[in-house]
Amino acid sequence: MNDDAARRFRDHFLWQLRAKGHSPAQIARWMWKPYCPEDLRILGPDRDRDLSGLAYSEAEVEAMLAELPEPSLRIDEHFFRREKTVLVLVPGFTHETLKNFSWHEQVQRKGSPHTVLMLHPAEGATREQLYQSGDGLKLVYLRYPRSNAASAHIVPAMFRMLQGSASLRRWVGEGYRLFFVGYSYGAPLALELLAELNSGAYADEFILRVTRGFLGLCGDIGGSYLADDCIGESPQLVSMDKLVAFARRHPWFGKLVGLGTPQLCDDMIHGVGALGHPVRQARARDYAPRLPPQLRYYTAAAVMPLADYRCRWWQLNLDDWAMHRQALVTDPITVYNDGQVALPDNLLPPAPQVPAQNNLHLGAVRTHHWGVSYRTFNFGINRFPRVAYYRALLQTVLSET
């Protein structure tokens, strides 16, 4: 793995930020330098104690902007209207609790030129919910059932939704190709699905044949120290057993936190366990050797220093407050931590059949786990420039696949 892809993504992100009028000082607060994961001291007694080696100065950003090349692919309305790609968005854990799309600024803004479709499981066929219709790029959001459950319950439902989508079949017939984007828990779910398709576990009629690649955003691929803590004997943040037991005794609380049914409560216990290192590592050993070698695999992370969090009561930033509490769990283990997942666990698991040139890490941005994806408690108030980030990712992955 080398940092060439990360440098391309950096240039695209710089270009998007400059186009939005952001200053070098602002840009320096949102970007890290490209790196090779192998060159970082991430874990162990000699691990890095700060992130200063990855930080940009304002002067460095000014110099890069002065020499920034024009992008090979412009992400504008013309791009959206001509691009024949379906982005299959696979959301993270408890997406029904958060009740928001991934990439929401892109897919919910008025006047967006592309189609946004949500797939729901249904008996006999896939139910489709169309949010907006447009030419070119399509975004398909998989609202899989039992959103807190282990992957064994989710992955077969993902296949059935995709296989049974009339719109997806129509678009493929028109020459469209698929590109999977997995956020958080959605990243290993997408990888498991691709491995199952490649090994013939499902009677796939078209999905893998037309798939271009995969992008994992803050993916919980290798496991989460936060999940390990929540199901451990002495949790620092919250005991998942006690939380679920409280939700069972007090239904009003259960509904508030997305545990309003006995099934959701049961799934939460198994699902949090499925996010931890023992289960994720065991699942990766099973599916990694079966990943299709012909695809491009991209991973992108987020890392945020504890000092960057706005977590004082007068700052009224519940996203940062909640994520800061979670980041403290992993901070003794590594500074390369987005609040829920450490950097090594964002990466593709060892898969010898995947050529090195098809395993591309795009580096990290300077925000926390929710900063790149969700409107959560703050109703979308987040300083991180997510639209510019999404467009830079598209420039990077769609210009190469």
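I take two strands as paired if DSSP finds at least two bridges between them. The model I am reading is predicted.

**Entry 1: the sheet**

I looked up the strand order. The sheet is open, has eight strands with mixed pairing, and runs S3-S2-S4-S1-S5-S6-S7-S8. I then checked the edges. Strands S3 (127–132) and S8 (359–365) each have a single partner strand, so one side of each is left without a neighbour in the sheet. I noted the twist as well, which averages 20° from one strand to the next.

**Entry 2: strand S2**

I followed S2 to its two partners. With S3, S2 pairs in the antiparallel sense over five bridges, and I found Val116 opposite Gln132 in S3. These two strands form a hairpin with six residues between them, where Gly124 takes a positive phi near 85°.

With S4 (residues 138–142), S2 (residues 115–120) runs parallel, and five bridges join the two. Here I found Leu119 opposite Leu142 in S4.

Next I asked which residues of S2 are buried on each side. Thr115, Leu117 and Leu119 are buried on one side, and Val116, Met118 and His120 are buried on the other. Six of the six residues of S2 are buried, so I logged the strand as largely enclosed by the rest of the structure.

**Entry 3: two loop residues with positive phi**

I checked Ser184, which is not a glycine yet has a positive phi of about 55°. Ser184 sits in the loop between strand S5 (177–183) and H9. The relative accessible area of Ser184 is 8%, and I recorded this residue as buried.

I made the same check for Cys218. This residue is not a glycine either, and its phi is positive at about 50°. Cys218 is in the loop between strand S6 (211–217) and H10. Its relative accessible area is 0%, and Cys218 is buried.

**Entry 4: Tyr176**

I placed Tyr176 in the loop between helix H8 (166–173) and S5. Is Tyr176 buried or exposed? Its relative accessible area is 7%, and the cut-off for buried is under 20%, so I entered Tyr176 as buried.

I then listed what Tyr176 touches, leaving out residues up to four places away in sequence. The contacts are Glu83, Lys84, Thr85, Val86, Gly136, Lys138, Trp171 and Val210. For Lys138 I also took the separation from Tyr176, which is 38 residues in sequence and 9.1 Å in space, C-alpha to C-alpha.

**Entry 5: helices H13 and H14**

Two packed helices are described by the angle between their axes and the distance between the axes. I looked up both values for H13 (residues 262–275) and H14 (residues 277–287). The axes of H13 and H14 come within 4 Å and cross at roughly 65°. H13 and H14 are therefore roughly perpendicular to each other, as angles of 65 to 115 degrees count as such.

The contact brings Gly273, Ala274 and Leu275 in H13 to His277, Val279 and Arg280 in H14. By class, the contact residues of H13 with H14 are three nonpolar, two polar and one charged.

**Entry 6: the two sides of H14**

I asked where on H14 the buried residues lie. The buried residues of H14 are His277, Arg280, Ala284 and Tyr287. They cover an arc of only 110° around the axis, which puts them on the same side of H14. An α-helix has 3.6 residues a turn, so residues three or four places apart point the same way.

I then listed the partners of these buried residues. They pack against helix H7 (151–163), helix H9 (186–199), helix H10 (225–230) and H13. On the face of H14 turned away from the buried side I found the exposed residues Pro278 and Arg285.

**Entry 7: helices H1 and H3**

I took a second helix pair, H1 (residues 4–19) and H3 (residues 58–66). The axes of H1 and H3 come within 11 Å and cross at roughly 90°, which makes H1 roughly perpendicular to H3. Arg10, Leu14 and Arg18 of H1 make the contact with Val61, Met64 and Leu65 of H3. I counted the residues of this contact by class as four nonpolar, no polar and two charged.

Conventions:
Residues are numbered from 1 along each chain as its sequence is written. This is a predicted model: local features need pLDDT of at least 70, side-chain atom pairs count only at pLDDT 80 or more; totals for chains, interfaces and linings use all residues. Side-chain values use heavy atoms; hydrogens and water are left out. Axes are lines fitted to C-alpha atoms, for helices over the stretch in contact, and angles run from 0 to 180 degrees between N-to-C directions. Angles under 35 degrees count as roughly parallel, over 145 as roughly antiparallel, 65 to 115 as roughly perpendicular and the rest as oblique. Contact means heavy atoms within 4.5 Å. Ala, Val, Leu, Ile, Met, Phe, Trp, Tyr, Cys and Pro count as nonpolar, Asp, Glu, Lys and Arg as charged, and the others, Gly among them, as polar. Buried means under 20% relative accessible area, exposed over 50%, partly exposed in between (1.4 Å probe, protein chains only). The arc is that of the directions from the helix axis to the C-beta atoms.
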